[in-house]
Amino acid sequence: MSDTAPQEPSLDEQIAAYQREYRDLDPQVEKVVSALGRLNRRMNVAYGRQLADLGISNAEWEVLKTLVLSGEPYRLGPGELAKRLGLTPAAMTHRIDRMAGEGLVTRDRDENNRVRVIVELTDEGRSKWLEAMRMATDFEEDLLQDLTTEEKGVLGDVLIRLLRRVELTQPDAGGRLTDLD
């Protein structure tokens, strides 16, 4: 038995096999989408390792990011968090419980409406978010180091056009269709 993982075929090998089985395949289109898929998968693995080094999960990162994106004072209700993350209220409650136990967020009653609960980023949560951003920035700069400033601009513009096309034709593709937590 070998300890090495099975080798993934090269993109050219994959495309050749696809064309053999499906003659209507446009090899240029397949090369782009297959490369994007592989890049996305590898980037997610790298980001996951960075988050694991910080002691947080991708699910926790998403909450931290959402709170930071909400702006100071980095507070949202659990229902709004669930909506923004595409989660069920039950999954959000479970995630908040875990994160509060780890000191990443607090969960308190709203001073103006005692029925309402507010989730707020702690100093520890913000520190983890900042360190994750530093690590991701280093990784991303290394990833794109061989591209010129102009190439980065063109690539960014092209990817935004593709993203807009998906958002136009698949409006629900931005959210989660099922609860994965």
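Guide: Helices are DSSP runs of H or I with at least four residues, strands are runs of E with at least two, and both are numbered from the N terminus. This is a predicted model: local features need pLDDT of at least 70, side-chain atom pairs count only at pLDDT 80 or more, and totals for chains, interfaces and linings use all residues. Residues are numbered from 1 along each chain as its sequence is written, and side-chain values use heavy atoms, without hydrogens and water.

Visitor: Which helix gives the most to the nonpolar patch?

Guide: Helix 7 does, with five residues. Leu159 sits in helix 7. Helix 2 (27-54) and helix 7 (149-169) each supply at least two.

Visitor: What makes Val29, Val32, Val33, Leu36, Val154, Leu155, Val158, Leu159 and Leu162 a patch?

Guide: Patch residues have over 30% relative accessible area and no salt bridge, and nonpolar side chains are joined within 5 Å. A salt bridge would put a Lys or Arg side-chain nitrogen within 4 Å of an Asp or Glu carboxyl oxygen. Together these residues expose about 660 Å², by the Shrake-Rupley method with a 1.4 Å probe.

Visitor: How do you know that strand 1 pairs with strand 3?

Guide: Pairing takes at least two DSSP bridges. Two bridges join strand 1 to strand 3 (117-121), so they pair, running antiparallel. Arg75 has Glu120 in strand 3 as its bridge partner.

Visitor: What is the strand order in the open sheet?

Guide: The order is 1-3-2, with antiparallel pairing. Strand 1 (75-76) and strand 2 (105-109) are edge strands, because each pairs on one side only.

Visitor: What share of residues 29-164 is helix?

Guide: Helix makes up 71%, and strand 9%. The end C-alpha atoms are 17 Å apart.

How values were computed: Patches are made of residues with over 30% relative accessible area and no salt bridge: like charges are joined within 9 Å, nonpolar side chains (Val, Leu, Ile, Met, Phe, Trp, Tyr) within 5 Å.
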